[in-house]
Amino acid sequence: MKIIKQLGLVLFLIGLGIFTGTLFTGSFSLSEAEFDEFITSKNYKSEIIKEELKKATVTEEDLNIFEFSSRVRNAYETSNNHYDTLIAKYDAEKNWDKKGEQYQYKIYGKPHTLSYEIAKKAGSGFVKKHGGLLWWFTFGLAIIGALLFILPNIILLGRPGIKHNGIYHEASTNRGWIAWLVLVYLVVFYLLLYFMADYVVNWTYILDPISKFLNGGPASQWFVYGFLYCVIMLVMAARMYIKYRHNKYQIIRTTSVLFFQIVFAFLIPEIMTSLNMPGYDFKNAFPLDYDFFFEWNLDSLRDSGAIGLFILVWGIILTLIIVPVMVYFFGKRWYCSWVCGCGGLAETLGDPYRQHSDKSLNAWKLERWLIHSVLMFSLVMTLVTLYCYFSGDEAFLGIKSQWIKDTYSFLIGAWFAGVIGTGFYPIFGNRVWCRFGCPLAAYLGLVQRFKSRFRITTNGGQCISCGNCSTYCEQGIDVRAYAQKGENIVRSSCVGCGICSAVCPRGVLKLENGPEKGRINPTDILLGNDVDLMDLVNQK
Amino acid sequence: MEHIVIIGNGISGVTAARHIRKLSDKKITIVSAETDYFFSRTALMYVYMGHMKFEHTQPYEDWFWKKNRIELKKGFVKQIETKSKTLHFAEGDTLQYDKLIIATGSKPNKFGWHGQDLDGVMGMYHKQDLEKLEKYAPNNKVCKRAVIVGGGLIGIELAEMLHSRHIPVTFLVRESSFWNGVLPEEESTMINREILANGIDLRLSTNLKEIVSDENGQVKSVIIQETGEEILCNVVGLTAGVSPNIDFIKDSSIETGRGVKVNRYLETNIPDVYAVGDCAEQHEGIDQRRTIEAVWYTGRMMGETVAQTICGNRIQYKPGHWFNSAKFFDIEYQTYGWVWAQPRENEARFYWEHKDGNKCIHINYDKNTRGFIGINTFGIRMRHEFFDKVLTKKESVDYVLEYLADANFDPEFYKLHEKDIVKKFNTENNTNIQLKKKSWKRIFA
């Protein structure tokens, strides 16, 4: 069994190694014809960019993606610099007409995005040619390896039950060197994905065949991310199924997040795209889906006829009615640990790291400040965006629409949710984003705290303060602090994963939806002691 | 300002301190020789098993004590001078008190076995035991086999701990079946099975004769009393029960028996000296309880109670209905009310076991009045409040079965067994009890 496990690990690492290695392969250049076609499609007015880009991309040289990217970005910069100089010059000469003329020649957007667009067409080599085959040597090997590593646990873990043996002895799960390596890999992955997509263009070739099959077009970096997301969740769900095979709540919950990720977040949008509809994730509620009210999305929905209108109405109903009503009946868990994609990754890939959330009071204070600030940020951004959308102004309340959207996308969308939220799993735990950053979680949390039937019931006086519940709470709730007082746990941040209840050795905790009355029940004297004393102290 | 000194920073002493603080402004000092901060003793096993780090067993953050003005003193009390109300520490210093609470807990029993103080022999009670275990049994290369002597709760936990590091374990149990002084035969048999299923070498009706030393004063083997068999091992765990940790009091004027003798107000024979928790011994058992209750919950209750008395509301220690819990490897156990190992004269029993052999319930009731007396539940979680109410209202066994669905506390989506249980009861007792559907109204009434 151990040998199978080790073999699995080796295969996984080989798969991951090849996957990473592909980034350094391939040759990038355009033919004259391809170049002309691209330039025409772009409608550039600047002659300089045409000239510079041509020099950069139409070449006999054997360029790898990094050299290619650098050339494209240089061309971009040279062209813009040229016009910036002119602008400065005419500005000094107070030649306003001439100055104004120059702006049409400038190009906008991110240099890496331009580079990605060209590179996607310019690549050639083994990976691009044999994408399907490469899939087997990367995804295929890694999946098989990971499963070989995970499946023997059915036997190795022993009889069904909580088997957290050794979690704090292993370098991978106790913030050791393996955890740090994983962190670096994940952080670099997210930085490339969000900010330097051209560098990972080779990965898109691997998935081109699957993308073409699903939506008719070639794979983008977001397709790669979505596909990878599903694969990782599937494989790590197998791990969850084995680990919690005695716990039906965990089994069903895992199946649910898996279903919503694969069907709602991945397949339906892909199919919609192939049908020329806007690809929409029907479960992704605003304000987690922060660009729902951005101009480009509203325009796209408006141009999509009935389905666009339906999505618009659905999106609003989802946030304003479905989300709070469901939270009232079931707690925010229905979304955060049963439906949400971020939650889904946290509950599968992130499960081995759940114990790293900070349980201190200070962390709780930070959490409340941060998450509610992000919620406010997202609402202000949306307000400004909508005002500008309908009024045609560029700014509202002195805040520029474009600026606030860019800032939010960069700080919250990319850095907080991605780089920190997932990249830091191995060190800060699997719910950093959900706990400190997610504006939707903040909204759900407010409902859960003040108007919900959900609570974690503490079973009378049975708590022995062992601390398993707090240790394994991914949201950093000091569950024990409540349980040892015989008090139910009602916290806005609880995502209802149910692990505290699962790890409790004394059967003290139960997630349940019941009457609101008596849901919050602070006590000083616990059940089991003198009834008169309980009356005396608790009813004061 | 009155100075309350508490010896012992376990659950009893700390609970007392917390409640005294809630009720008053008195100066409070907690003395401990074991650790700087309160930790959950019951969780030590999870530290060795790698489920938690030691810091996770500490229920309060370090700032808690200062914020609540509870002073912590690390030191070993070697003598209590009650006349001058002075504690003398082994370190040489002294401490004055106005009121003293003794909450020193237990220590593992040693029955004078030959070799019981060798290196590699340990109990599993103090934090220091954990450190010793880490030293002598870090893995199965250093510790090729461990022998555990004594089949109680700590013994089986120690077996689980060692098993988690793949160390072969031989488990010597004096009784003919595990913990059958407390558990009825059926449950005891189930736990025997669970122990064996985890690959533990369980030896029932087996006593330790002696522990054999190697040339370095370390454990080499144990000899079995009955057969004379020698079992090679590197670690011996002595888990044959615990007794009050009160050696340092013996030559004071405080009356002691096996523990510190206290009345129902948890007062000792000396004014202003109290004792709570494992180390306190009642003159007579309360209700059907033992005179010494070495249980987490009772320690906590005594702490809650003595705080009232110390803060001017003198009340008796009057614990409610008995309850307890434990976990035997993967089988959770809860008990509410009394289910004795042997039924008493007036008692009848109802036993149900799931076909997987890992779940059961055992109900004890009065065969004349049909009054419910108690329940053992294994592998199924049940509501404390439900049974507390049932016992207070003196409901019948029939009532309990009728409303058993309200009692269930298993996580959502778990398979429910109440129908099956009630059916068996009806068949065996010729009754026609109809199981009521679970009702939130009743549960939270």
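Helices here are DSSP runs of H or I at least four residues long, and strands are runs of E of at least two. Counted that way, chain A has 26 helices and six strands, while chain B comes out with twelve helices and 25 strands. Keep in mind that this is a predicted model. Below is a quick tour of both chains, where they touch, and a few backbone spots worth a look.

**Chain A overall**

- The radius of gyration of chain A is 27 Å, close to the 24 Å that the globule rule gives for 540 residues, so chain A is as compact as a globular protein of that length.
- If you're setting up a box, the C-alpha trace of chain A spans about 90 × 60 × 45 Å along its principal axes.
- Of the 540 residues in chain A, 44% are buried.
- Among contacts in chain A with a separation of 6 or more, 75% are between residues 24 or more positions apart.

**Annotated spans in chain A**

- An unreviewed UniProt entry puts the feature "transmembrane region" at residues 7-28, 133-156, 177-197, 222-242, 254-272, 306-330, 369-390 and 410-428 of chain A.
- In the model, residues 7-28 of chain A are 68% helix and 9% strand, with 36 Å between the end C-alpha atoms.
- Residues 410-428 of chain A are 79% helix and 0% strand, and here the end C-alpha atoms sit 21 Å apart.

**A cis peptide in chain A**

- The bond from F286(A) to P287(A) is cis, with omega near 5 degrees.
- P287(A) belongs to the loop that runs between α13 (248-274) and α14 (295-302) of chain A.

**Where the two chains meet**

- Chain A puts 47 residues into the contact and chain B puts in 45.
- On the chain A side, the elements that each supply at least two residues are α13, α23 (468-471), β6 (509-513) and α26 (531-538).
- By residue type, the side of chain A that touches chain B splits into 16 nonpolar, 23 polar and eight charged.

**Chain B overall**

- For 445 residues, a compact globule would have a radius of gyration near 22 Å, and the 23 Å of chain B agrees with that.
- The C-alpha trace of chain B covers about 70 × 60 × 40 Å along its principal axes.
- Buried residues account for 48% of the 445 in chain B.
- Pairs 24 or more positions apart make up 61% of the chain B contacts that have a separation of 6 or more.

**Domains of chain B**

- Chain B is split into domain 1 (3-107 + 243-310), domain 2 (121-240) and domain 3 (323-443).
- Between the C-alpha centres of domain 2 and domain 3 of chain B there are 32 Å.
- Those two domains do touch: 15 residues of domain 2 of chain B and 13 residues of domain 3 of chain B take part in the contact.
- On the domain 2 side, α5 (153-164) and α6 (185-197) of chain B each chip in at least two residues.
- The biggest share on that side comes from α6(B), with six residues.
- The side of domain 2 of chain B that touches domain 3 of chain B consists of seven nonpolar, three polar and five charged residues.

**A hairpin in chain B**

- Strands β13 (residues 208-213) and β14 (residues 219-224) of chain B run antiparallel and are joined by five bridges.
- Within that pairing, E210(B) stands opposite I223(B) in β14(B).
- The two strands form a hairpin with five residues between them, and G217(B) in the turn has a positive phi of about 80 degrees.

**Positive phi away from glycine**

- L266(B) is not a glycine, yet its phi is positive, near 65 degrees.
- You'll find L266(B) in the loop between β18 (260-262) and β19 (273-275) of chain B.
- L266(B) counts as buried because 27 other C-beta atoms lie within 10 Å, and the cut-off for buried is 20 or more.
- K394(B), also not a glycine, has a positive phi of about 55 degrees.
- The loop between α8 (384-392) and α9 (397-402) of chain B holds K394(B).
- K394(B) counts as exposed because it has 12 other C-beta atoms within 10 Å, and exposed means 12 or fewer.

Note on methods:
Residues numbered from 1 in each chain as written. Chains lettered and ligands numbered in written order. Predicted model: local features only at pLDDT ≥ 70, side-chain atom pairs only at ≥ 80, totals over all residues. Rg over C-alpha atoms; globule rule 2.2 N^0.38 Å. Contact = placed C-beta atoms within 7 Å. Domains from an automatic or database assignment. Nonpolar A, V, L, I, M, F, W, Y, C, P; charged D, E, K, R; others polar. UniProt positions renumbered as here; feature names shortened; annotations may be inferred. Pairing = 2+ DSSP bridges.
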